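Have a look at the model below before reading on. The notes that follow walk through its packing, its rings and a couple of single residues.

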Amino acid sequence: MAISPRVKEAHVTSITLVFATVAISATTLFLSSLFHKRKRCKQLEVRVRELEASLEASVEKGAAERRGRVRAQQALRKVVSQQSGEGSKEVYPMVPIGTVHSCFSTRNGTPRQPLVVPLARACLVLDPARASAEALEGFSDYSHCWILYVFHLNTDLEKMWKDPARSKIKAKVRVPRLKGGKMGVLATRSPHRPCPIGLSVAKIEVVDGEAIWLSGVDLVDGTPILDIKPYLPYSDSVKGATVPTWVQEDATLAVGSITFSSNFASSLSSCWVDVEKQSLYDSSEQFESLIKEVLTWDIRSVSQRTRPHPVATKSSDAVCEEIEEVNFKEEIYPQSTDHPNEVVYHLILEGIDVSYRIDEDLNVVVEKANVHPDFANKKRHSYLAHRDSVR
């Protein structure tokens with residue numbers, strides 16, 4: 001049956017209307033969606049501006065607080081300076097971040113420079129209130145570190161801090177390598193400095209929590225630590241650096257030979273029973289090697305080398321009179337009973353009193369070892385639990 005042209009035209013018109021309706025609906029939805037998106041964008045832009053304004057206000061507030069703290073610190077330093085009699089000079093009070101537990105029980109025998117005694121061990125323990133274990137994250141990736149510390153055993157520290165005008169820090173000091181000759185204090189590594197701060201480098205063995213195990217140290221037991229920094233070879237090692245001729249004389253303080261008496265091993269074994277559990281060393285044989293490394297250099301003072309005698313009595317004036325790069329335990333020890341004309345010197349390591357003699361040709365004879373009563377019950381960080389981790 002044929003469809004009339006009018007019917008066909010009606011169908012086409014109907015279809016066209018449907019498509020037009022759909023198109024209009026789609027356009028309406030698109031426009032509506034676009035309107036809502038633009039409205040949402042405007043809301044987000046407003047919110048972003050609000051957040052930016054809030055952040056700017058917070059930054060300005062923080063900057064104002066920092067400026068306030070700086071002014072308060074400057075005012076505090078000014079007051080402290082005035083109280084200390086230093087006039088307008090600023091003072092920067094510092095608190096140690098940790099303490100060193102070293103194999104060197106006293107100043108006598110502590111190396112004059114770092115790394116010259118590779119077996120010299122220490123455990124640097126941080127104060128968690130000043131620097132937590134998290135502050136050491138990544139520190140074990142370095143092989144060596146710089147250590148800033150205080151020469152806390154200087155006999156004139158209290159006078160220097162309380163009454164600087166009367167501290168009488170000498171401009172020149174006696175230098176062991178110059179056999180008593182003097183040099184400007186700032187041209188030496190003397191601990192008796194206008195500001196008694198030391199700088200040392202050490203090998204990092206193990207980092208365990210808040211403790212750092214070190215070797216090659218030149219730090220006496222109990223040294224307060226101000227800061228530690230990683231050693232960077234590319235910037236810290238200066239190619240072509242020069243030093244005075246007197247510093248290059250390595251053999252000046254070297255001894256001729258070192259021997260141990262026949263009964264030394266037995267006396268050390270007796271001591272080792274008391275100190276083994278808290279020692280920084282895993283055997284008496286290793287400890288004996290430490291003694292040999294320390295005594296490879298003549299650790300006596302200039303006056304002891306020129307005029308052999310037991311270490312001076314407890315007199316701060318005597319110590320200040322002969323200022324050197326190394327300080328010594330101030331006790332009187334008896335002469336050798338086997339060799340009455342020779343002086344017996346004493347080296348105290350980890351609380352073990354090691355007695356030795358040295359003749360005119362700088363030949364050293366280590367006689368015996370005894371546990372020193374002042375250090376017998378001192379608690380220490382044991383090396384035994386960490387020796388398997390040492391590189």
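What covers the buried residues of α6? The cover includes the strands β2 (121-126), β9 (257-260), β10 (345-349) and β11 (352-358), along with helix α5 (264-275). Keep in mind that this is a predicted model.

**Helix α6 and its buried face**

Helix α6 takes in residues 284-294, and its buried residues are Ser284, Gln286, Phe287, Leu290, Ile291 and Val294. Look down the helix axis and these buried residues fall within an arc of 155°, so they line one face of α6. There's a bit of helix geometry worth recalling here: with 3.6 residues a turn in an α-helix, residues three or four places apart point the same way.

Leu290 is a good place to zoom in. Leaving aside residues up to four places away in sequence, Leu290 touches Cys103, Val117, Leu119, Ala120, Tyr281 and Leu349.

**The nonpolar core**

Two of the α6 residues, Phe287 and Leu290, turn up again in the largest nonpolar core, where they're among the residues with the most contacts inside it. That core has 55 residues, and Leu124, Ile147, Leu214, Leu295 and Ile352 are also on the list of those with the most contacts. Helix α5 gives the most to this core, with 5 residues. As a general backdrop, nonpolar side chains in soluble globular proteins tend to be buried together.

**Aromatic rings**

How many aromatic pairs does a search of the whole structure find? It comes up with 6. Two of them are set out here:

| Ring pair | Distance between centres | Angle between planes | Arrangement |
|---|---|---|---|
| Tyr149 and Phe151 | 5.3 Å | 75° | edge-to-face |
| Phe260 and Phe264 | 5.0 Å | 45° | tilted |

Why do these two get their labels? Planes over 60 degrees apart count as edge-to-face, so the Tyr149 and Phe151 pair, at 75°, is edge-to-face. The Phe260 and Phe264 planes sit at 45°, so that pair is tilted.

As for how covered these residues are, Tyr149 is buried, with a relative accessible area of 6%, and Phe151 also counts as buried, at 15%. In the other pair, Phe264 is buried at 1%, whereas Phe260 is partly exposed at 26%.

Phe287 has aromatic company too: Trp272, Tyr281 and Phe287 form one aromatic cluster. Tyr281 from that cluster is also one of the residues that Leu290 touches.

**Two single residues**

Is Glu367 buried or exposed? Glu367 counts as buried, because its relative accessibility is 15% and the cut-off for buried is under 20%. Glu367 is found in strand β12, which covers residues 363-371. The side chain of Glu367 makes a polar contact with the side chain of Arg357, at 2.5 Å.

Gln74 lies in helix α1, residues 5-83. At 39% relative accessibility, Gln74 counts as partly exposed. From Gln74 to Val91 the separation is 17 residues in sequence and 9.2 Å in space, C-alpha to C-alpha.

**Zooming out**

Overall, the protein has 8 helices and 12 strands. Of its 391 residues, 36% count as buried. The accessible surface comes to about 23,600 Å², and 56% of that belongs to carbon and sulfur atoms. Finally, take the contacts between residues at least 6 apart in sequence: 72% of them join residues at least 24 apart.

Notes. Residues numbered from 1 in each chain as written. Predicted model: local features only at pLDDT ≥ 70, side-chain atom pairs only at ≥ 80, totals over all residues. Heavy atoms only, no water. Helix = DSSP H or I, 4+ residues; strand = E, 2+ residues; numbered from the N terminus. Buried < 20%, exposed > 50% of the residue type's maximum accessible area, 1.4 Å probe, protein only. Polar contact = N/O pair within 3.5 Å; in protein donor to acceptor, adjacent residues only side chain to side chain. Arc of directions from axis to C-beta. Contact = heavy atoms within 4.5 Å. Core = buried A, V, L, I, M, F, W, Y, C linked by side-chain atoms within 4.5 Å. Phe/Tyr/Trp six-rings, centres within 6.5 Å; stacked < 30°, edge-to-face > 60°. Areas by Shrake-Rupley, 256 points an atom, 1.4 Å probe, with all protein chains shown as cover.
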